[in-house]
Amino acid sequence: MSIVVRRGQAIAEPRARLLRFDRAASALGPAATSDIDLDAPPPGHELARLALDLVVRTAEPVDLPARWTTFPFGREVDRTRAQLAPIGTRSALLASYLREASIAATRGSVEAGLPAGPVRVAYAIRWLELGDGRTRPSWASFVAGPVDLVVDSVAGAIAGLI
């Protein structure tokens with residue numbers, strides 16, 4: 001809908017055409033717009049950075065944000081990952097990521113140092129899966145993975161001594 005002022009009254013009208021135009025861009029350079037940051041890194045960079053942050057934070061489960069260890073957080077991550085499972089390429093995942101409403105609403109929160117929410121974490125895990133072709137376990141296993149490995153190896157060593 002576009003807002004049009006006619007005869008002193010503001011009227012909401014359906015837009016006759018899309019905001020994107022099919023005409024050729026000017027040879028002088030890009031048009032000046034207020035909502036596009038030309039200096040911003042490419043969107044794939046944000047997903048890759050989230051994936052790296054996820055790997056670093058889960059390498060030491062002791063340092064995990066408290067929110068990440070809650071059951072509702074894990075349930076939301078697993079639910080979102082199930083929805084992302086049919087996506088087969090990183091470019092399709094990136095397109096989905098850019099359309100995600102909860103991502104757009106909280107843009108800048110990760111840059112401010114806050115830990116990523118469950119939807120961002122799910123996208124980061126899927127980004128990793130599409131990168132190396134390995135399926136990751138559920139969120140609870142993903143977070144407790146290194147701890148479980150250490151516990152199992154210690155339990156095995158103790159059982160060998162007995």
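User: In helix 2 (residues 71–84), what span should the 14 residues cover at 1.5 Å a residue, and how far apart are the end C-alpha atoms?

Analyst: The model is a predicted one, and the geometry of helix 2 can be checked within it. Helix 2 holds 14 residues, numbered 71–84, and at 1.5 Å a residue these should span 20 Å. The C-alpha atoms at the two ends of helix 2 agree with that expectation, being apart by 20 Å.

User: Which residues of helix 2 are buried, and within what arc do the buried residues fall when seen down the axis?

Analyst: The buried residues of helix 2 are Phe73, Gly74, Val77, Thr80, Arg81 and Leu84. Seen down the helix axis, these buried residues of helix 2 line one face, because they fall within an arc of 135°.

User: Which exposed residues does helix 2 carry on the face turned away from its buried side?

Analyst: Residues count as exposed when their relative accessible area is over 50%. On helix 2, the face turned away from the buried side carries three such names, which are Phe71, Ala82 and Gln83.

User: Which residues of helix 3 are buried, which are exposed on the other side, and within what arc do the buried ones fall?

Analyst: In helix 3, Leu93, Leu94, Ser96 and Tyr97 are buried, while Ser91 and Arg99 are exposed on the other side of the helix. The buried residues of helix 3 line one face of the helix, since, viewed down its axis, they fall within an arc of 160°.

User: How far apart are the closest N and O atoms of Arg120 and Glu46, and how many residues separate the pair?

Analyst: Arg120 and Glu46 form a salt bridge in which the closest N and O atoms are 3.9 Å apart, a value that falls within the 4 Å cut-off for such a pair. The bridge links distant parts of the chain, with Arg120 in helix 5 (residues 118–132) and Glu46 in helix 1 (residues 43–59), and the separation is 74 residues.

User: Are Arg120 and Glu46 buried or exposed?

Analyst: Buried means a relative accessible area under 20%. Arg120 has a relative accessibility of 5% and so counts as buried. Glu46, with a relative accessible area of 12%, is likewise buried.

User: What is the N to O distance between the side chains of Arg79 and Glu76, and about how many helical turns separate the two residues?

Analyst: The side chains of Arg79 and Glu76 meet in a salt bridge with an N to O distance of 2.6 Å. Arg79 is partly exposed at a relative accessible area of 43%, and Glu76 is partly exposed at 23%. Because Arg79 and Glu76 lie three residues apart in helix 2, their separation is about one helical turn.

User: How far apart are the closest N and O atoms of Arg134 and Asp132, and which residues do salt bridges with shared partners join into one network?

Analyst: Arg134 forms a salt bridge with Asp132, and their closest N and O atoms are 3.3 Å apart. Elsewhere, salt bridges that share partners create one network, whose members are Arg81, Arg126 and Glu129.

User: How many residues does the largest nonpolar core have, and which helix gives the most to this core?

Analyst: The largest nonpolar core has 26 residues, and those with the most contacts inside it are Leu54, Trp68, Val121 and Trp139. Two or more residues come to this core from each of helix 1, helix 2, helix 3 (90–99), helix 5 and helix 6 (139–161). With eight residues, the element that gives the most to this core is helix 5.

User: Which residues does Trp68 touch, not counting those up to four places away in sequence?

Analyst: Trp68 is among the core residues with the most contacts inside the largest nonpolar core. When residues up to four places away in sequence are not counted, Trp68 touches Asp53, Leu54, Arg57, Thr58, Phe73, Pro115, Ala116, Val121 and Trp139.

User: What distance separates the C-alpha atoms of Ala48 and Trp127?

Analyst: Ala48 is found in helix 1 and counts as partly exposed, with a relative accessibility of 33%. Although Ala48 and Trp127 are 79 residues apart along the chain, their C-alpha atoms are separated by 7.3 Å.

User: How many helices and strands does the chain have, and in what order do the elements run from the N terminus?

Analyst: The chain has six helices and two strands. From the N terminus on, the order of these elements is β-β-α-α-α-α-α-α.

Conventions: Residues numbered from 1 in each chain as written. Predicted model: local features only at pLDDT ≥ 70, side-chain atom pairs only at ≥ 80, totals over all residues. Heavy atoms only, no water. Helix = DSSP H or I, 4+ residues; strand = E, 2+ residues; numbered from the N terminus. Expected span 1.5 Å × (residues − 1). Buried < 20%, exposed > 50% of the residue type's maximum accessible area, 1.4 Å probe, protein only. Arc of directions from axis to C-beta. Core = buried A, V, L, I, M, F, W, Y, C linked by side-chain atoms within 4.5 Å. Contact = heavy atoms within 4.5 Å.
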